[in-house]
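Visitor: I should like a close look at a single part of this model. Please choose one helix, describe how it sits among its neighbours, and then place it in the wider chain.

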Amino acid sequence: MNAREWSLRIADLARREHCALVDLLLALAEFDRLAVYRQLGFASLFDFLHREVGLSRGSAYYRQVAARLVGQFPEVAEPLRDGRLCISNVVQLAKVMTDENRAAVMPQFFHCSKEEAKQVVAELLPAEVVPRRTVVTEVPLLARQDASPVIVQPVGRDLIQSEGARPVLEVRRTVVEPLTRQETRIHITVSPAFMTLLKKARAGQSHVQPGATDEQVLTAALELLIEKQEKRKASVPAKVKREVRVRDEGKCQWPLDSGGICGSTLRLEIDHVVPRGRGGPSTTPNCRILCKPHNLESARRVYGDPHMDLFTRSAPMAREAEAPV
Ligand SMILES: [Zn+2]
């Protein structure tokens, strides 16, 4: 088989996979409508699929939901067959499809990733109450064999130390769950070191932004990180440096409370008036000459002392790395 033949073969198998799935769902829809599973002693189609057919819980659940949707709205079958819809999106579609919106809603799920499909659902069906809080939960210690829901225990203070038991093999991924058009919930599995950093940053930030949420603290941290990355990526063009140097006459432009400017000619750096981390460009109007102490002061006014203290203590960052004039 050459590569072209192989490709055709794979494409053909994929088509057959879609068709087989639709055939299964159509059969299940009928099986479900007549409640044949009950004659076999099962309480639900899910039970039948899991225990009798041997599907995993997840697989059984997806097929039960999809079969019911196909039974109710037969037009779902065709896009499943030709690949515009996949089964995980059908499960999302089932949350919002009604007699009234059936024609308009289904196409919104075509060719969606799972995350995109969740976003569509969130937009159509905004969560009524969106909790805006951070819940720290201990990762369960014993490996789970099935897909039963994890019981999470909100912990008010710090992470509970795990004792003795072997740690669960936890997949370290970020789960993103769109709630509404404006709000998204993320679940991140983190280490004790991360919690320590977050706690430290939050405590520090409390002087600048009293009552700052974790989102605000993390946003400030990300802005600093991005500014650092931007600096590494794009230094100030030589032409801009030249123009700024001429315009500012090689002197620190920091305005003094008493009027006038600092005027220092020592340890000069190029400062961005609107910081790069906040989208400020490396252009002549947005750049000025500052002495190193005033450059640091400028950063402190933007990001707050505690944050700059964290950075200037642990790693000379941002302002330290400003382009020398
Ligand atoms: Zn100065």
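Guide: The account below begins with one helix and moves outward to the rest of the chain. The model is a predicted one, and its chain holds 13 helices and 6 strands. The part selected is helix α6, which spans residues 87-96.

Of the 10 residues of α6, 8 are buried, so the helix is largely enclosed by the rest of the structure. The buried positions are Ile-87, Ser-88, Asn-89, Val-90, Val-91, Gln-92, Leu-93 and Val-96. For the chain as a whole, buried residues make up 33% of the 325 residues. What surrounds the buried residues of α6? They pack against α1, α4 (57-72), α5, α7 (102-105) and α8 (114-124).

One residue of the helix, Leu-93, also stands out in the largest nonpolar core. That core has 35 residues, and Leu-93 is listed with Val-76, Leu-80, Leu-85 and Phe-109 as touching the most other members. Helix α6 is one of the elements that give two or more residues to this core, the others being α1, α3 (45-52), α4, α5 and α8. In general, nonpolar side chains tend to be buried together in soluble globular proteins. Val-76 shows the packing from the other side: neighbours within four places in sequence left aside, it is in contact with Val-90 and Leu-93, as well as with Leu-69, Val-70, Leu-85, Met-97 and Met-106. Apart from this core lies another, of 11 residues, among them Trp-254, Leu-268, Leu-290 and Cys-291.

Two of the helices that pack against α6, namely α1 and α5, are also joined by a pair of charged side chains. Arg-81 and Asp-23 meet in a salt bridge, with N to O at 3.5 Å. The two residues are 58 apart in sequence, Arg-81 lying in α5 (residues 77-82) and Asp-23 in α1 (residues 3-33). Arg-81 counts as partly exposed because its relative accessibility is 26%, and Asp-23, at 44%, is likewise partly exposed. A further salt bridge, at 2.9 Å, pairs Arg-84 with Asp-82. Arg-84 is partly exposed at 29% relative accessibility, as is Asp-82 at 43%. By the rule applied here, the count comes to 14 salt bridges.

The second core leads to the metal site. Cys-291, a member of that core, supplies its SG to the zinc ion, together with Cys-252 (SG), Cys-262 (SG) and His-294 (ND1), at 2.0 to 2.3 Å. The 4 donor atoms subtend angles of 100 to 128 degrees, which makes the arrangement tetrahedral. Along the chain the donors follow the spacing C-x9-C-x28-C-x2-H. Cys-262 lies in the loop between α11 (238-247) and β5 (268-272), and His-294 in helix α12 (residues 292-303), so this pair ties together parts that are 32 residues apart in sequence. Cys-262 is partly exposed at 27% relative accessibility, whereas His-294 is buried at 17%.

Links between separated parts of the sequence also appear in the overall contacts. Among contacts between residues at least 6 apart in sequence, 57% join residues at least 24 apart. The accessible surface of the chain comes to about 20,300 Å², of which 55% belongs to carbon and sulfur atoms.

Terms used
Residues numbered from 1 in each chain as written. Predicted model: local features only at pLDDT ≥ 70, side-chain atom pairs only at ≥ 80, totals over all residues. Heavy atoms only, no water. Helix = DSSP H or I, 4+ residues; strand = E, 2+ residues; numbered from the N terminus. Buried < 20%, exposed > 50% of the residue type's maximum accessible area, 1.4 Å probe, protein only. Contact = heavy atoms within 4.5 Å. Areas by Shrake-Rupley, 256 points an atom, 1.4 Å probe, with all protein chains shown as cover. Salt bridge = Lys/Arg side-chain N within 4 Å of Asp/Glu carboxyl O. Core = buried A, V, L, I, M, F, W, Y, C linked by side-chain atoms within 4.5 Å. Donors = N, O, S within 2.8 Å, 3.2 Å for Na, K, Ca; no water. Tetrahedral: all angles 85-135°; square planar, octahedral: opposite > 155°, others 65-115°.
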